[in-house]
Amino acid sequence: MTTVWPQLESQLARVQKPARYIGCEDGAIEPVHRPGSTSWLLVYPDTYEVGLPNQGLQILYEILNERPDAVAERSYAPWTDLEAIMRSEGLPLFSVESHRPAAEFDVIAFNLSAELVYTNVLNCLDLGGIPIHSAGRDDRHPVVVAGGHAAHNPEPLADFIDAFAIGDGEEAVTDLHEVVADWVRSGRSASRHSMLRELCTVPGIYVPSMYEPRYESGRFVGLTPKHAGVPERVERRVVADLAEWPYPRNQLVPLTEVVHDRLNIEVFRGCTRGCRFCQAGMITRPVRERPADQVRTMIDDGLRRTGYDEVALTSLSTADFSGIEDAVRQTVEGSAGCGQVSVSLPSLRVDAFTVGIAAQVQRARRTGLTFAPEAGTWRMRRIINKLIGEEDLYGAVESAFSQGWRRVKLYFLTGLPSETDEDTLGVAELARNCVEIGRRHTHKASVTASVGGFVPKPHTPFQWFGQNTVDELNRKIGLLKDTTRRMHGVQLKWHDARASAAEGLASRGDRRMGAVVEEVWRQGGTFQEWSEHFRLDRWTTAMARHGLSLDTEVYRHRAQSEALAWDHIDAGLHKDFLWDDWQDALAEVGRPDCRWTPCYDCGACTGVGIEHRVGSPVPPAGGSQGTGQDLSIGGEVPVTLTGARS
Amino acid sequence: MRIRLRFTKLGKVRWTSHRDAARLWERALRRAQVPLAYTEGFSPRPKVSFGLALPTGAESDAEYLDVNVRPERDVDLSTLPDRLTAGLPSGMACTAAVGLDPPVSSLQQVVTSCSWVLGARVPAAEAERRVSELLAADSVPFSRVRKGKETTDDLRPAVRELAVVGNHYTEGFVALRAELATQPRAVKPIELLAALWPSSGDDVAGWPLRRTHQWIGPSDAGVEPITLDAPEESYAPARAS
């Protein structure tokens, strides 16, 4: 059997949004499975609408398919209606290109963008007829690998994944492929075990079955390599120059609507603003900008090829891109002869400069503008190192309302380290002040404050912090609800505190969490990112059964001396840098961006001999975020300029 | 100026919705660099209007849309279908383009009936019997939900033609040809199948549907929104995959 399309098609009239399962995207390849080629199934373990736009998966899809000895197809988690039919009809998980059963691929590769998808990983394996445990697979079964941000603490999935790729995937995927392809070509003459041993020698590849976890009095104390040649620590991979990777070249254009349904161009990777809660900003250092002329070419070619009328310039803080003003102006004015084009800038910095750029891109549709001050008081923002002064925020909001926007959305976190009720209530106060500013310009001014429960993440200065309990988060949300109820023009939105608890245990759990993930899946707990399918009691019941609790795994502050479940994963950051930054946080000391100021020796650059690669040696206008920090020394700090590559 | 386009929707792409097809068309029009006219105001949209919605899962040889283009720019209608097809997914092809000058009424207003080839998972003799019974009946009441309320309507007046025409190209199905009125009240092909075989229940939802023509006036007059020059194919041409 090489395709299940006829069986699948006969069921499609019975499911919601059948177009999710047909493939046929512009940019998709027509797979040719030749003898001797190694086949990959790239799986995004959430719905098609969420997974299709994922840039990481699309980049690997192209890199693999450019190789003559590889073929890569894609798969997404089928929604629950189709899953029920697949189970009753005996239909396996399939690729969307040729509708080939998952078990017929040589490699199954999961993208782990978030932790709550872990149960879906098990479900996808099981639907594919592949044993969910790494230990249960033999030479007949696909090699199961995973990568993505969440893989920086691989332990909760260690029992299920044969090998993790840590860090940037562009180069790691080729190295990984070569080891597996040799094994496949040899007719799998060597054992699966020896192939996995070999994978251990590839930089950035972590093979959990080659390590033995140690526990003392119910606490994880470390991992020991089981064999000679298995490294004690696995160093993440990092691509030095984004200019060498202008991927995806052929971004997939789906036939049905998906999230971020537009042309997405990554303008830089990494961020050194140094927000202490932000895992992405820590593990993707240093800053590597794409040269402005390459951005321009990718936008023009992409618009012409796809027919999209919207471009997103993506990064962790797009206003920091050296070429931002030119890129925006040229796109809006130039446009590749494809009609009106709008530009969207996710993750806007909070200052008037940024609003000026937003005004350029949204000439017509000025409905809402979103900022992320993250915390309600200056004290709290120094603790999290999101150094936005009140004047900055009010300046940005004033600027937005005066230029015709009528709605401003503000993102906040609650449950941050040492947060007092005064800090929590600062959220309401900020929102109210913003409405007042807006009223001077329009009586329709409204401000939405969206509040999420803070989840401490591995490889951040807050990795030692004990997460707030569900009750405490709910109490804080309750305070804000009470306070904003009578604030005219202020809407409060909040994230389910129970989902934050589950995310917390999947984020910082050690290897024992695997049994919990498995049990939640066995109890039917798939699609945990979807509120209609999420139930915290499934998680707490499973934890209790395995002798674990939210108190010890999630809510407890960790000590400096304590072994962390991800200590063997080297994300480029020195542990003492993170600890010092944690102590600075508690002392309410902020640290300016290191891109244009001297180095803090976090380890990200020095360890691998690379540097920030930016288009300009001086910060962009407004780049200090109004904190008054002196960035005029920009140009004296050695950076590699993207325009001056050797 | 307004341009009317005719297109097909065959094979896997039939699983896209009417709304999906509209988005596919907007991108294809931009890729072909058609100088679209945009609406005025707060949130400009290209002026594109689609004809009668095709049910998700149904195939078609005869879909239409009208697009408004900026008057100052010339559009080469002879090359337009091929340029548009190049930007559409496999299974969707633009088969004709004509200028509408002066503008005419909208597709929804002018189309009076559609011809379909339908598949029924029943024995051929059973199909013949039920078709004869339905055609002989003075009225065929059926219930449907309109504006949130279940109402009973008569299906019979909308059935202009109905015949068993052999085996369907989908294995295990008998092929029917049907012409169903779209005015004053449209009857959907699935409503016809459900009325013919009420005992088949939800299974009917998975039976193959294919729109072959949209008619303006009586079908024997042969007037379509755009009539193709090529000779008409038989009811079951080779299936696009």
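This report describes two open sheets and a helix pair of chain A, the two domains of chain B, and the contact between the chains.

The model is predicted, and local features need pLDDT of at least 70, side-chain atom pairs count only at pLDDT 80 or more, while totals for chains, interfaces and linings use all residues. Residues are numbered from 1 along each chain as its sequence is written, and chains are lettered from A and ligands numbered from 1 in the order in which they are written.

**Sheets of chain A**

Helices (H or I, at least four residues) and strands (E, at least two) are DSSP runs, numbered from the N terminus, and two strands pair if DSSP finds at least two bridges between them. Axes are lines fitted to C-alpha atoms, for helices over the stretch in contact, and angles run from 0 to 180 degrees between N-to-C directions. The two open sheets of chain A are set side by side below.

| Strand order | Pairing | Average turn between neighbouring strands, direction ignored |
|---|---|---|
| β15-β16-β17-β18 (chain A) | parallel | 20 degrees |
| β10-β13-β14 (chain A) | parallel | 25 degrees |

In the four-stranded sheet, the edges are formed by β15 (368-374) and β18 (490-494) of chain A, each of which pairs on one side only. Strand β17 (residues 446-453) of chain A is joined to β18(A) by five bridges, and the two run parallel; within β18(A), A:Trp494 is the bridge partner of A:Val451. Across β15, β16 (407-414), β17 and β18 of chain A lies helix α14 (residues 421-439) of chain A, which runs at about 160 degrees to β17(A).

The three-stranded sheet has β10 (263-266) and β14 (342-344) of chain A as its edge strands, each pairing on one side only. Three bridges link strand β13 (residues 310-314) of chain A to β14(A), again in parallel, and A:Ala312 has A:Ser344 of β14(A) as its bridge partner. Helix α9 (residues 292-306) of chain A lies across β10 and β13 of chain A, at about 165 degrees to β10(A).

**A helix pair of chain A**

The axes of helix α3 (residues 55-65) and helix α6 (residues 169-185), both of chain A, come within 10 Å and cross at roughly 45 degrees. Angles under 35 degrees count as roughly parallel, over 145 as roughly antiparallel, 65 to 115 as roughly perpendicular and the rest as oblique; α3(A) and α6(A) are therefore oblique to each other. Residues are in contact if their C-beta atoms, placed from the backbone, lie within 7 Å, and on this basis A:Gly56, A:Ile59, A:Leu60, A:Ile63 and A:Leu64 in α3(A) meet A:Gly169, A:Glu170, A:Val173, A:Thr174 and A:His177 in α6(A). By class, this contact has five nonpolar, four polar and one charged residues, where Ala, Val, Leu, Ile, Met, Phe, Trp, Tyr, Cys and Pro count as nonpolar, Asp, Glu, Lys and Arg as charged, and the others, Gly among them, as polar.

**Domains of chain B and its contact with chain A**

Chain B is divided into domain 1 (2-108) and domain 2 (111-221), with bounds that come from an automatic or database domain assignment. The C-alpha centres of these domains of chain B lie 27 Å apart, and twelve residues of domain 1 are in contact with ten residues of domain 2. On the side of domain 1 of chain B that touches domain 2, β3(B) gives the largest share, five residues, and the classes are seven nonpolar, three polar and two charged residues.

Between the chains, 25 residues of chain B are in contact with 23 residues of chain A. The side of chain B that touches chain A has ten nonpolar, nine polar and six charged residues.

Notes:
Two residues are in contact if their C-beta atoms, placed from the backbone, lie within 7 Å.
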